[in-house]
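Trainee: Got a minute to go through the charged pairs and a helix in this one with me? I'd like to reason each answer through.

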Amino acid sequence: MGLKEFLDEGLEGAGHNFITGNLENLVKWSRARSCWPATFGLACCAIEMMATGAAHYDLARYGMEVFRASPRQADLMIVAGRVSQKMAPVLRQVYDQMMEPKWVISMGVCASSGGMFNNYAIVQGVDQIVPVDVYAPGCPPGPETLMHAILTLHGQIESGELTRRRDANGGGAAIQIEQRDGQSGGTTTPVTIGNR
């Protein structure tokens, strides 16, 4: 294989051997530990997301203490709250401007399925707009649940399972986690995930 073929095909064209295998594991490890979130706080879930970044829960332990204001500096979108039909194109534009590879966490029942807002003005699941990798349940999910979603995402990125699931689904990995904050799930609306 010549240099031009290697540059055209990248690491995939080099074949799998001891060196490229370890290099691939190093790339996955560094991707998992360098997620920079672009916030998309839209409702009450955004308050819980802010609490997660504050001193008591301290997302700095995972290298995520600075929520990026520019989508071009972020690779993780946390959609926190209900998405209105008017906000949907803006959300998609921010997602499209994020750098690759990019990940999405749907935080709360409103972002995941529209929640109690079953009407024409609210998008009934953010997965209709962007591919969702991890769904964090709750109304609103507490910081513990969001941190569980983030750590699940990190583990899936590092193992390579996330990209395999994305390829199989033709979109997001659609991983559903359990609620970890001791709340009883205050909503009475049934949640259906995966509107695509």
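Mentor: Sure, and keep in mind that this is a predicted model. Let's begin with Arg92, which is partly exposed, its relative accessible area being 30%.

Trainee: Okay, so which residue does the side chain of Arg92 meet in a salt bridge?

Mentor: Look within helix α4, residues 88-97, where Arg92 and its partner both lie. They sit four residues apart, about one turn of the helix. The partner counts as partly exposed, at 45% relative accessibility. The N to O distance is 3.0 Å, and the residue is Asp96.

Trainee: How many salt bridges does a search of the whole structure find?

Mentor: Side chains of opposite charge can pair when their charged atoms come close. The cut-off here is 4 Å from a Lys or Arg side-chain nitrogen to an Asp or Glu carboxyl oxygen. Arg92 with Asp96 is one of the hits, and the search's total is three.

Trainee: What about Arg33 and Glu158: how many residues apart are they?

Mentor: Their side chains meet in a salt bridge at 2.6 Å, N to O. The pair links distant parts of the chain: Arg33 is in the loop between α2 (18-32) and β1 (37-41), while Glu158 is in helix α6 (residues 143-159). The separation is 125 residues.

Trainee: Are Arg33 and Glu158 buried, partly exposed or exposed?

Mentor: Partly exposed covers the range between 20% and 50% relative accessible area. Arg33 has 41% relative accessibility, and Glu158 has 31%. Because both values fall in that range, Arg33 counts as partly exposed, and for Glu158 the label is also partly exposed.

Trainee: In the salt bridge of Lys102 and Glu100, which residue is buried?

Mentor: Their side chains meet at 3.5 Å, N to O. Buried means under 20% relative accessible area, and exposed means over 50%. At 58%, Glu100 counts as exposed. The residue with 5% is buried, and that's Lys102.

Trainee: Back to α6: how far apart are its end C-alpha atoms?

Mentor: α6 has 17 residues, and the expected span takes 1.5 Å times one less than that number. That gives an expected 24 Å. The distance in the model agrees, so the end C-alpha atoms are 24 Å apart.

Trainee: And how many of the residues of α6 are buried?

Mentor: The buried ones include Pro143, Leu146, Met147, His148, Ile150 and Ile157. The helix is mostly covered, and out of its 17 residues the buried count is 12.

Trainee: Last one: which residue just after α6 takes a positive phi?

Mentor: α6 covers residues 143-159, and you want the spot just after the helix. Phi there is about 85°, and the residue is Gly160.

Note on methods. Residues numbered from 1 in each chain as written. Predicted model: local features only at pLDDT ≥ 70, side-chain atom pairs only at ≥ 80, totals over all residues. Heavy atoms only, no water. Helix = DSSP H or I, 4+ residues; strand = E, 2+ residues; numbered from the N terminus. Buried < 20%, exposed > 50% of the residue type's maximum accessible area, 1.4 Å probe, protein only.
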